[in-house]
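Me: Could you take a close look at the salt bridges in this one for me? Here it is.

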Amino acid sequence: MSEQTTTPVVRRVDARHRYEILVDEQRAGLTAYRDRDDRRVFFHTEIDDAHAGQGLASILVEQALTDVRASGMRIVPVCPYVAKFLKKHEEFADITDPVTPEVLTWLDAQLKR
């Protein structure tokens with residue numbers, strides 16, 4: 001297994017409602033969201049098995065949340081990983097909103113689940 005040679009790159013893919021993290025130009029993971037007014041509701045984060053244990057989820061979520069702040073939006077952490085990340089990174093507390101039953105109902109409708 002070769003060492004990672006390039007810095008991971010995070011990009012927002014609006015058409016697919018997600019941020020992706022790329023390693024050597026290959027997608028290594030993603031965090032998915034839906035926008036509700038001025039809130040970006042994160043509901044799923046995954047890192048491919050081949051890239052597990054490299055700290056990529058943390059890089060991905062931190063850059064995604066930084067982008068949310070730059071966009072003037074707020075964060076709703078439905079995704080357990082994003083919620084856990086926010087507990088350790090209080091610098092995002094000022095733009096984080098609680099997950100409410102109403103948000104969960106709305107998200108289910110968005111995702112048709």
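To set the scene, how many helices and strands make up the secondary structure of the chain? After that, please go through the salt bridges.

Reply: Quick caveat: this is a predicted model, where local features need pLDDT of at least 70, side-chain atom pairs count only at pLDDT 80 or more, and totals for chains, interfaces and linings use all residues. Residues are numbered from 1 along each chain as its sequence is written, and side-chain values use heavy atoms, with hydrogens and water left out.

The chain has three helices and five strands (DSSP runs, numbered from the N terminus: H or I of at least four residues for helices, E of at least two for strands). Their order is β-β-β-β-α-β-α-α.

Now the salt bridges (a side-chain nitrogen of Lys or Arg within 4 Å of a carboxyl oxygen of Asp or Glu): there are ten. One of them pairs Glu102 with Arg36 at 2.9 Å, N to O. Glu102 sits in helix H3 (residues 101–111) and Arg36 in strand S3 (residues 26–36), so the pair ties together parts 66 residues apart in sequence. Arg36 is buried at 15% relative accessibility, while Glu102 is partly exposed at 48% (buried is under 20% relative accessible area, exposed over 50%, partly exposed in between; 1.4 Å probe, protein chains only).

Asp67 and Arg40 also meet, at 3.8 Å, N to O. That pair links helix H1 (residues 56–70), home of Asp67, to strand S4 (residues 39–47), which holds Arg40, 27 residues apart. Arg40 is buried at 4%; Asp67 is partly exposed at 23%.

Arg113 and Asp108 form another, at 2.9 Å, N to O. Here Arg113 is exposed at 62% and Asp108 partly exposed at 32%. Finally, salt bridges with shared partners join Arg12, Asp14, Asp35, Arg40 and Asp67 into one network.
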